[in-house]
Amino acid sequence: MNTHTSEDLFAKAKDFIPGGVNSPVRAFRSVGGNPIFIKKAKGAYIYDEDDNQYIELINSWGPMILGHAFEPIEKAVTDAVKNSFSFGAPTRREVEMAELIVSMVPSIEKVRMVNSGTEATMAAVRVARGYTGRDKIIKFEGCYHGHGDSFLIAAGSGAVTMGVPDSPGVTKGVANDTLTAPYNDLDAVQALVDANKGEIAALILEPVVGNMGCVLPQEGYLQGLRDICTKEGIVLIFDEVMTGFRLSKGGAQERFGITPDLTTLGKIIGGGMPVGAYGGKAEIMNCVSPQGPVYQAGTLSGNPIAMSAGLAMLHYLNEHPEVYVQLENTGTKIVEGIRQILTKLNLNYQINHIGSMYSLFFTDTPVTDFSTAKTSNTELFGKYFHGMLSKGIYLAPSQYEALFLSTALQQNHIDAVLAANEEVLKSLQ
Ligand SMILES: Cc1ncc(COP(=O)(O)O)c(C=O)c1O
């Protein structure tokens, strides 16, 4: 495979951009080698600067759930562009967007648009602190909520991939206000709550984790957290930046039937444009400025082009429930196919899967939290990653990430993904 153009671009990028990339995992550090530079994508395929074609299993880390350059979204954006790109003033589309989100996500009564998942989580925690008058938050080891200071404690995703789950530059004061617990361990949360009575403003988690690889909540876990939060007056925040509009129309909360107090959204909500949102109970959201005293603002928040893309995406998902049936089927076919290959090859690697998200962990230990995720052989993963890439399958370049499937994947793509898995896993034995 010729990747010379990507190599040249990366060499130049390193002169001008820290590490040559604008987001760390893109640098391929944990899998070795040079990142490929992307030129374009359409449907289930992504193409690099050397014109290599790959089947897409990341989909921009989630947003492209309907495949790349999906026509209704493309049209919404090209139509919107004709009316200028930003006003910094209210628009009709923001009202439509808010109304649609409230109708789709069960727990959201009021919502505020922002520009990224990171902004959404930072604001949600600030609102929870303003609402409760408390300072501390609980987060979970290996969960990633963007790069806000409060969250770079035992963080997953790129932070763990780069070996900096606790980032320099986060003050001791901020770090002291972030308490961490292992995922899927209710007793650990109860112990933290007991030791910090009346001091915890919020508990934030990914209801299904994508950022230590895909990890599912165990039976009763989400309900247990809901009960603790209700009893202790703690704001329960579901970070559904990955799972929102993916695991069902109403996200993980609809799928598991649990109602959080606040929800953070990103990725799919922008249809590929930079959008995030946070919302929830009206009583809490009424604390947000200008209605309440908790300040949060944004020059480009509710940007008309981004809203047009997001609205086209959400309308499509809302009006086509069959999308979720197709995504379930595709996920099941790929994961069951890989399971059969593992059995055939006598390998006991773990696959965690829900709907259109999955991860193959190179460990024999069932992965239920961060410490079990870390039993994975990351060197072997790196070899698997490059083997798959050379066979034209584009995976996330880290063991600690989930894969995100799209409706553009058809049976021929599924067959190709499974054939590549069989060949590569065999070659690693
Ligand atoms: C669960 C979760 N929350 C928050 C974020 C941060 O979103 P963004 O990268 O848009 O700032 C991410 C990003 O991957 C995420 O997965």
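Modeller: Let's start with a term we will need: a cavity is a set of grid points where a 1.4 Å probe fits but cannot get out. This is a predicted model, and its second largest cavity has a volume of about 30 Å³.

Biologist: Which residues line the second largest cavity?

Modeller: The lining is made up of R134, V193, N196, K197, G198, I200, E232 and I234. By class, that is three nonpolar, two polar and three charged residues.

Biologist: And the largest cavity: what is its volume, and which strand gives the most to its lining?

Modeller: Its volume is about 80 Å³. Strand 12 gives the most, with three residues, and helix 14 (378-390) also supplies at least two. Among the lining residues are Y358, F381, Y384 and E401.

Biologist: What makes the pairing of strand 11 and strand 12 count as a pair?

Modeller: Two strands pair if there are at least two bridges between them. Strand 11 and strand 12 (residues 357-361) have five bridges, in the antiparallel sense, so they meet that cut-off. One example is H353, whose bridge partner in strand 12 is Y358. That Y358 also lines the largest cavity.

Biologist: Why do strand 11 and strand 14 stand at the edges?

Modeller: The sheet is open, with its three strands in the order 11-12-14 and antiparallel pairing. Strand 11 (350-354) and strand 14 (403-404) each have a single partner strand, so one side of each is left without a neighbour in the sheet.

Biologist: On to the ligand. How do you know that T118 makes a polar contact with an oxygen atom of the ligand?

Modeller: The cut-off is 3.5 Å between N or O atoms. An N or O atom in the T118 side chain is 2.6 Å from that ligand oxygen, so the pair qualifies.

Biologist: What about the nitrogen contacts with Y144 and D239?

Modeller: For D239, a polar side-chain atom lies 2.6 Å from a ligand nitrogen. For Y144, a polar backbone atom is 3.5 Å from a ligand nitrogen. That value is at the limit but still within 3.5 Å, so this pair counts too. Overall, the protein covers 82% of the 390 Å² of accessible area that the ligand has on its own.

Biologist: How do the residues of the shell around the ligand divide by class?

Modeller: There are three nonpolar, six polar and three charged residues. The shell includes S116, G117, H145, E206 and K267. Gly counts as polar here, so G117 belongs with the polar residues.

Notes
Residues are numbered from 1 along each chain as its sequence is written. This is a predicted model: local features need pLDDT of at least 70, side-chain atom pairs count only at pLDDT 80 or more; totals for chains, interfaces and linings use all residues. Side-chain values use heavy atoms; hydrogens and water are left out. A residue is near a molecule or strand if one of its heavy atoms lies within 4 Å of it. A polar contact is a pair of N or O atoms within 3.5 Å; within protein, one must be able to donate a hydrogen and the other to accept it, and residues adjacent in sequence count only if both atoms are side-chain atoms. Accessible areas come from the Shrake-Rupley method with a 1.4 Å probe; for residues, only the protein chains shown count as cover. Helices (H or I, at least four residues) and strands (E, at least two) are DSSP runs, numbered from the N terminus. On a 1 Å grid over the protein atoms alone, a cavity is a set of points where a 1.4 Å probe fits but cannot get out, and a pocket is an open set with protein on both sides within 12 Å along at least five of seven lines; lining residues have an atom within 4 Å of a point. Grid points are joined across faces, edges and corners, and a volume is the space filled by probe spheres set on the points.
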